[in-house]
Amino acid sequence: MRDLAEKWPIAPDWRSAAIEVTGLKIRPVSGLHQRLVSGDLGAWAEASGFDGTVVGAFGPAEGIRYSIRVARDRVLAVSTTPIGMATGWFAQGFAVTEISAGLQVFEVEGAALDAFIARATTLDPNQPSASAALSFAGISAFVYRHEGKLRIHVDRGLAGYLWTWMEKASGNISVGPSS
Amino acid sequence: MQLFPCPFCGPRDETEFHYGGDAGNARPDGADVPVDRWTNYLYLRSNPKGAAREVWVHMNCGEFFVMERDTLTHKVLSSADLGGGHAA
């Protein structure tokens with residue numbers, strides 16, 4: 001029988017994968033705890049103890065705990081330490097869903113970051129937008145800055161595609177425009 | 001490429017949006033709805049030349065909203081979420 005798996009490249013090992021070209025460094029970020037919170041976000045902030053920092057598209061997140069706004073009534077809570085709150089529906093009016101395994105995170109830095117962003121989206125990275133959910137490299141992603149680097153969260157099933165796209169894009173950026 | 005104003009996110013690429021039909025085309029309710037009312041709801045579209053009120057959804061954030069735009073010039077006149085808020 002034909003092995004159709006040959007048609008696709010082997011998925012990278014996210015523990016060691018890296019892209020390094022002139023002006024760009026891209027690496028996967030592992031170990032983040034991610035919770036999707038929907039509903040009354042004020043009640044969530046009060047109950048969870050997450051601080052009030054909520055970032056939108058290309059917004060600056062800092063520290064080991066922060067929230068990303070992804071819709072009018074939804075945030076993605078991100079932490080490097082376990083989020084000590086149960087999942088499920090809360091009577092205060094919000095629901096918490098564990099999604100750490102569902103979203104792959106990448107981090108991009110370097111002098112060519114603006115050129116990288118320009119290839120991925122038509123959105124102006126200097127214009128604030130309430131939601132970090134946007135089309136990036138043709139797929140839906142959460143995009144913001146964390147301590148000066150660009151962070152991208154995508155559905156894990158699309159991570160292989162985005163990695164391939166980033167390899168091509170970064171290669172083209174390092175070569176520069178053709179004459 | 002055109003930018004559409006999501007009432008929550010602000011200006012975004014048109015490819016992030018999906019058309020949802022004429023605004024105000026409410027689904028008939030009840031057991032005694034006449035057949036011409038169902039026909040009107042299911043098959044007849046306004047298709048105006050000029051100003052149009054349409055339902056759109058921003059696929060990335062899930063916001064459903066009403067957008068007023070000119071079908072001739074493509075100029076966006078306004079956008080408002082279905083709860084009544086307006087785009088900044």
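The following paragraphs lead through a predicted model of two protein chains, A and B, beginning with chain B, passing to the contact between the chains, and ending inside chain A.

Chain B contains one helix and six strands. Their order along the sequence is β-β-β-α-β-β-β, and the C-alpha trace extends over about 45 × 25 × 20 Å along its principal axes. Of the 88 residues in chain B, 39% are buried. The contacts of this chain may also be sorted by separation in sequence: among those between residues at least 6 apart, 39% join residues at least 24 apart.

One residue of chain B illustrates such an arrangement. His58(B) belongs to strand 4, which covers residues 51–58 of chain B. Its relative accessibility is 0%, so His58(B) counts as buried. Beyond its neighbours within four places in sequence, His58(B) is in contact with Cys6(B), Cys9(B), Arg12(B), Glu16(B), Phe17(B), Glu63(B) and Phe65(B). For one of these partners, Arg12(B), the separation along the chain is 46 residues, while the C-alpha atoms of His58(B) and Arg12(B) are 8.8 Å apart.

A second histidine of chain B has another setting. His74(B) is placed in the loop between strand 5 (63–70) and strand 6 (76–81) of chain B. Its phi is positive, about 70°, although the residue is not a glycine. The relative accessible area of His74(B) is 45%; the cut-offs for buried and exposed are under 20% and over 50%, and His74(B) is therefore partly exposed.

The text now turns to the contact between the chains. The size of an interface is often given as the accessible area lost when the parts come together. Here the area buried between chain B and chain A is about 1,100 Å², and carbon and sulfur atoms give 45% of that area. In chain B, the residues that lose the most area to chain A are Phe8(B), Arg12(B) and Asn60(B), which together account for 51% of what that side buries. Arg12(B) thus appears both here and among the contacts of His58(B). The contact takes eleven residues from chain B and 15 residues from chain A.

Polar interactions also link the two chains. There are two salt bridges between chain B and chain A; in a salt bridge between the chains, the side chains of Arg72(A) and Asp81(B) meet at 3.5 Å, N to O. Ten residue pairs, both members at pLDDT 80 or more, are in polar contact between chain B and chain A. On the side of chain B that touches chain A, the largest share, three residues, comes from strand 2 (residues 10–13) of chain B. By class, that side has five nonpolar, one polar and five charged residues.

Within chain A, the packing of nonpolar residues comes next. In soluble globular proteins, nonpolar side chains tend to be buried together. The largest nonpolar core has 31 residues, of which Phe116(A), Phe136(A), Leu150(A), Ile152(A), Leu162(A) and Met166(A) touch the most other members. Elements of chain A that give two or more residues to this core include strand 2 (24–29), strand 10 (103–109), helix 2 (113–120), strand 13 (149–155) and helix 3 (159–175). Helix 3 of chain A gives the largest share, seven residues. Apart from neighbours within four places in sequence, the contacts of Ile152(A) include Gln104(A), Phe106(A), Phe116(A), Phe136(A), Leu162(A) and Met166(A). A second, separate core has 17 residues, including Val55(A), Ile68(A), Leu76(A) and Val78(A).

Gln104(A), one of the contacts of Ile152(A), lies in strand 10 of chain A. Its relative accessible area is 3%, so Gln104(A) is buried. The side chain of Gln104(A) makes a polar contact of 2.9 Å with the side chain of Arg156(A). Other residues in contact with Gln104(A) include Trp14(A), Pro28(A), His153(A) and Ala159(A).

Two loop positions of chain A complete the account. Ala137(A) sits in the loop between strand 11 (133–136) and strand 12 (139–146), and its phi is positive, near 55°, in a residue other than glycine. With a relative accessibility of 6%, Ala137(A) counts as buried. Gly31(A), in the loop between strand 2 and strand 3 (33–39) of chain A, is exposed, because its relative accessible area is 56%. The C-alpha atoms of Gly31(A) and Val55(A), 24 residues apart along the chain, are separated by 20 Å.

Conventions
Residues numbered from 1 in each chain as written. Chains lettered and ligands numbered in written order. Heavy atoms only, no water. Helix = DSSP H or I, 4+ residues; strand = E, 2+ residues; numbered from the N terminus. Buried < 20%, exposed > 50% of the residue type's maximum accessible area, 1.4 Å probe, protein only. Contact = heavy atoms within 4.5 Å. Buried area = accessible area lost by both parts, 1.4 Å probe. Salt bridge = Lys/Arg side-chain N within 4 Å of Asp/Glu carboxyl O. Polar contact = N/O pair within 3.5 Å; in protein donor to acceptor, adjacent residues only side chain to side chain. Nonpolar A, V, L, I, M, F, W, Y, C, P; charged D, E, K, R; others polar. Core = buried A, V, L, I, M, F, W, Y, C linked by side-chain atoms within 4.5 Å.
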